[in-house]
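Please read the following report alongside the sequence and the model. It takes up a metal site, some helix packing and a few backbone and side-chain details.

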Amino acid sequence: MSLVTRRTVLTAGAAGFLVSAGGGAYAGLIEPTILLDVTRYQLTPPGWPADHEMTIAVISDVHANEPYVPIGRVKRIVETTNALKPDLIVHLGDHEATHRFVRRRVDPKEWAAAYADLDAPLGLFTVLGNHDWWHNRRSIRAALDRAKIRVLENEAELLSHNGRRFWLAGLGDQLAHWTGQQGVFRGADDLDGTLAQVTTDDPLLLLAHEPDIFARTPARVSLQLSGHTHGGQIYIPGLTDRFIPSGYGERFRYGHIVENGRHMIVSGGIGMSIVPIRFGVPPEVLLIKLGGSPVAV
Ligand SMILES: [Fe+2]
């Protein structure tokens with residue numbers, strides 16, 4: 001069987017499963033609301049010292065809401081993340097869900113209080129996502145501030161881990177403002193202004209909700225961490241590729257992406273937007289180990 005034919009059969013099989021009763025239960029209940037994977041990466045990207053071992057837990061796109069990602073699920077995410085004992089925890093934005101299937105908003109104070117239990121020596125940092133900007137930005141920001149969760153919006157902070165310094169920068173959202181034109185947005189991102197705050201040669205990590213900025217992220221950034229795409233959310237190669245919410249489609253959809261020596265990891269995230277269905281991209285927390293020897297999987 002040729003590769004093209006095999007892919008066509010697999011695509012048809014996945015699509016058939018998705019519309020079956022069992023597939024519907026899996027995509028509408030099991031994958032989005034029960035599964036929670038831990039996906040591990042180990043890398044020493046350019047600029048990061050090989051002898052500086054540090055772990056980062058990454059939470060992204062939780063999209064809290066009742067009934068699909070209720071506060072109990074948020075607490076399970078917190079427990080799962082704490083059990084990894086990371087040195088640093090980052091959240092890549094899209095804290096809330098806004099799709100029309102949401103029955104009740106989870107008050108930002110509730111989920112922010114749950115996140116306040118996240119425990120890492122270097123703390124928790126977050127950026128805001130497009131859904132945070134479009135709907136409840138003010139109350140989300142206030143809840144994060146009240147819970148003492150550090151929000152990086154076009155800001156860079158110099159941190160120290162085991163006596164080694166590194167910069168952690170967070171970008172403003174690239175789709176923050178709707179222009180009034182279908183599908184056209186103006187960003188609140190300021191990459192140049194953010195990088196201008198990096199005043200030493202120490203390694204630099206960049207948090208950016210949407211991956212698309214990676215097309216112009218300079219090599220000065222050792223690693224960019226992004227979410228937003230949900231890995232396609234309903235991902236059947238050859239069938240749903242056109243719905244990937246990135247101007248670069250499959251290129252920036254998911255996983256560890258290396259281009260011209262520059263590194264980005266895109267998380268598939270946890271929650272859902274538009275429809276409360278996930279298929280082919282189980283919710284995940286990432287554990288990224290920088291430097292040192294590979295982690296056991
Ligand atoms: Fe999202």
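The report starts with the basis of the values and then turns to the metal site, the helices and single residues.

This is a predicted model, in which local features need pLDDT of at least 70 and side-chain atom pairs count only at pLDDT 80 or more, whereas totals for chains, interfaces and linings use all residues. Residues are numbered from 1 along each chain as its sequence is written, and side-chain values use heavy atoms, with hydrogens and water left out.

**The iron site**

The iron ion has as its protein donors D61 (OD), H63 (NE2), D94 (OD) and H230 (NE2), at 2.1 to 2.3 Å; donors here are N, O and S atoms within 2.8 Å of the metal (3.2 Å for Na, K and Ca), and since water is not among the atoms, sites may look incomplete. Along the sequence, the donor residues follow the spacing D-x1-H-x30-D-x135-H. D61 belongs to the loop between β2 (54-59) and α3 (71-83), and H230 to the loop between β11 (223-226) and β12 (255-259), so the pair ties together parts that are 169 residues apart in sequence. Helices (H or I, at least four residues) and strands (E, at least two) are DSSP runs, numbered from the N terminus. Both D61 and H230 are buried, where buried means under 20% relative accessible area, exposed over 50% and partly exposed in between (1.4 Å probe, protein chains only).

Why is the arrangement of the four donor atoms around the iron ion irregular? The angles that they subtend run from 90 to 173°, which makes it so. Four donors count as tetrahedral if all angles lie between 85 and 135 degrees; four count as square planar and six as octahedral if opposite donors are over 155 degrees apart and all others between 65 and 115; anything else is irregular.

**Helix packing**

The axes of α3 and helix α4 (residues 108-115) come within 9 Å and cross at roughly 20°, which makes α3 roughly parallel to α4. Axes are lines fitted to C-alpha atoms, for helices over the stretch in contact, with angles from 0 to 180 degrees between N-to-C directions; angles under 35 degrees count as roughly parallel, over 145 as roughly antiparallel, 65 to 115 as roughly perpendicular and the rest as oblique. I71, V74, K75 and V78 of α3 make the contact with E110, W111, A114 and Y115 of α4, contact meaning heavy atoms within 4.5 Å.

Helix α4 also packs against helix α6 (residues 137-146), their axes coming within 9 Å and crossing at roughly 35°. Here P108, K109, W111 and A112 in α4 meet S139, I140, A143, L144 and R146 in α6.

**Backbone details**

Most residues other than glycine have a negative phi, and most peptide bonds are trans. A cis peptide bond, with omega about 5°, joins E66 and P67, and P67 lies in the loop between β2 and α3. Two residues that are not glycine have a positive phi, as the table lists.

| Residue | Phi | Loop | Relative accessible area |
|---|---|---|---|
| K85 | about 50° | between α3 and β3 (88-91) | 68%, exposed |
| N154 | about 55° | between β5 (150-151) and β6 (155-161) | 18%, buried |

**Two strand residues**

E259, in strand β12, counts as buried at 16% relative accessibility. Leaving aside residues up to four places away in sequence, E259 touches F214, R251 and F252. R165, placed in strand β7 (residues 164-170), counts as partly exposed at 42% relative accessibility.
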